[in-house]
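Q: I am new to this structure and would like a close look at a single part of it. Please take one pairing as the starting point and then work outwards from there.

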Amino acid sequence: MDAHTLKVACICFILSFFQSCCNAASYNVVRFGARPDGRTDSSQAFERAWKAACASSGSHMVYIPRGVFMTKPVVFSGPCRSRILFQIDGTLVAPPNYQDMGNSGFWILFTKVARLTVHGGTIDARGAKFWACRRTGSRCPPGVRSISFLWSSNVVVSGLKSLYSELIHITVSNSNNILFEHLNVIAPSRSPNTDGLIIQSSTGVTIKNSLFRTGDDCIAVGPGSKNIWMDKIACGPGHGISIGSLGNSLNEAGVQNVTVTNAVFTKTQNGVRIKSWARDSKSYATNVEFRNLVMRAVDNPIIIDQTYCPGDRCPRQTSGVEVSNVRYSNIKGTSTTVEAVKFQCSVSNPCRGIQMRNIRLTTPNRATTSTCENVHGSASGNVVPRSCL
């Protein structure tokens, strides 16, 4: 058995839910006109291979072999007739000129697909020149998200490496039952708005065994999301793991049932954060658990900020977002600031049901502190800094 055959056999075994994958037809993008030279636009070839697999009955594999394939924005649309394995053995790169990405906001987009597995590979959005444009204040295009899943269900993304996104590496919206595992997401710490993974209006999203090193939130859970599970996450550099921002509009949906466990934060701006705008809203964040976390030189290890405003034009109201039933347990490590725990909650909607258990956050040569504004809760076990609840 040669190396390629062995690799395919292993993939078929690991992705056991992909029924009959070993007998599936393979749609190699090279046969549809893609060229692995890193220069030729292979967008149309990719889309032709996808359409052929999508329209066929039985399980199929869209195969991207070794080599470097340059693509402009591509859209992989469903619904498809059966399961598809999107196997990437090569590297996908964006055009060298960021203007060629257009104004769609997406680079690689999967929409209305079900029973999809994306396995392996590297995608490189070549974002450095776009970041430079944004820093100078020049007239720049809106930028693109590297890979997105919209209106999709029962999707597995495994072993993907995402490099140098223009804006956001991975987005999930209006989707359900999505699994991300063994991701490697990388952009420089000073790259603007390069969030690792953003979830919005989605249910049943799991992220595990993954590394995020980027310039904004490692993971952000947005409005309308529920049943979100994050396990064994390495975050840093970046802005930490956030719920929000919430409360951007009056009738915004809330967030519920979010768990972050077994995560390590290294030199991040924040550790675990809940953030909302100071304006009237019907949004909420409830049933949230942060447990078994390690902070390594984190600026704000534990923070609830209901006066969130990253720019100059801040609303002069109080947040209508209700934050309740948030549990922090078994969190240890170091803070770069004395104020290691900060609960800055809304006057009109105080945070309720905040629980802290077995917390130890220290800083060299100084005692750490905690701050509570408009918050109700309890503490148990050994809690350092001393609880203000």
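Which residue stands opposite methionine 230 in E22?

A: In this predicted model, the residue opposite methionine 230 is valine 260, in E22. The pairing around these two residues joins strand E20, residues 226-235, to strand E22, residues 255-266. The two strands run in the parallel sense, and seven bridges hold the pairing.

E22 also pairs with strand E24, which covers residues 284-298. That pairing is parallel too, with ten bridges between E22 and E24. One of its bridges sets alanine 263 against leucine 293 in E24. E22 therefore has E20 as one partner and E24 as another, a reading that rests on the rule that two strands pair if there are at least two bridges between them.

The loop that lies between E20 and E21 has a feature of its own. Proline 237 is placed in this loop. The peptide bond between glycine 236 and proline 237 is cis, with omega at about 0°. A second bond of this kind joins glycine 78 and proline 79, where omega is about 5°. Proline 79 also sits in a loop, the one between E5 and E6. A further backbone detail concerns histidine 182, which is not a glycine and yet has a positive phi of about 55°. Histidine 182 belongs to the loop that runs between strand E15 (176-181) and strand E16 (184-186).

E21, on the other side of the loop that holds proline 237, leads to another sheet. E21 is one of eleven strands that form an open sheet with parallel pairing. The order across the sheet is E5-E8-E11-E14-E17-E19-E21-E23-E25-E27-E29. The edges are taken by strand E5 (74-77) and strand E29 (369-373), each of which has a single partner strand, so one side of each has no neighbour in the sheet. From one strand to the next, the twist averages 15°.

At the E29 edge, the partner is strand E27, residues 339-344, and the two are joined in the parallel sense by five bridges. Within this pairing, glutamine 344 faces glutamate 373 of E29.

At the E5 edge, helix H2, residues 43-55, lies across E5 and E8 and runs at about 5° to E5. H2 also carries cysteine 54, which forms a disulfide with cysteine 80, at an S to S distance of 2.1 Å. This link is left-handed, with -105° about the S-S bond. It ties together distant parts of the chain, since cysteine 54 is in helix H2 while cysteine 80 is in the loop between E5 and E6, 26 residues away. The loop with cysteine 80 is also where proline 79 is found. The structure has six disulfides in total.

E21 is also part of the lining of the largest pocket. Strand E17 (195-200), strand E19 (219-221), strand E21 (241-246) and strand E23 (270-276) each give this lining at least two residues. E17 provides the largest share, with four residues. The pocket holds about 650 Å³ of space. Its lining consists of 27 residues, and those nearest the centre are Asn193, Asp216, Lys275, Tyr308 and Pro310. By type, the lining has nine nonpolar, ten polar and eight charged residues.

There is also one cavity of 30 Å³ or more in the structure. The largest cavity contains about 30 Å³ of space. Its lining is made by Phe86, Ile88, Leu92, Ile108, Phe110, Val118, Ile123 and Ile147. Strand E6 (84-88) and strand E8 (106-111) are the elements that contribute two or more residues to this lining. The eight lining residues are nonpolar, with no polar and no charged residues among them. E8 thus has a place in the lining of the cavity as well as in the open sheet, and E8 is also one of the strands that helix H2 lies across.

Methods:
Residues are numbered from 1 along each chain as its sequence is written. This is a predicted model: local features need pLDDT of at least 70, side-chain atom pairs count only at pLDDT 80 or more; totals for chains, interfaces and linings use all residues. Side-chain values use heavy atoms; hydrogens and water are left out. On a 1 Å grid over the protein atoms alone, a cavity is a set of points where a 1.4 Å probe fits but cannot get out, and a pocket is an open set with protein on both sides within 12 Å along at least five of seven lines; lining residues have an atom within 4 Å of a point. Grid points are joined across faces, edges and corners, and a volume is the space filled by probe spheres set on the points. Ala, Val, Leu, Ile, Met, Phe, Trp, Tyr, Cys and Pro count as nonpolar, Asp, Glu, Lys and Arg as charged, and the others, Gly among them, as polar. Axes are lines fitted to C-alpha atoms, for helices over the stretch in contact, and angles run from 0 to 180 degrees between N-to-C directions. Contact means heavy atoms within 4.5 Å. A disulfide is a pair of cysteine sulfur atoms within 2.5 Å.
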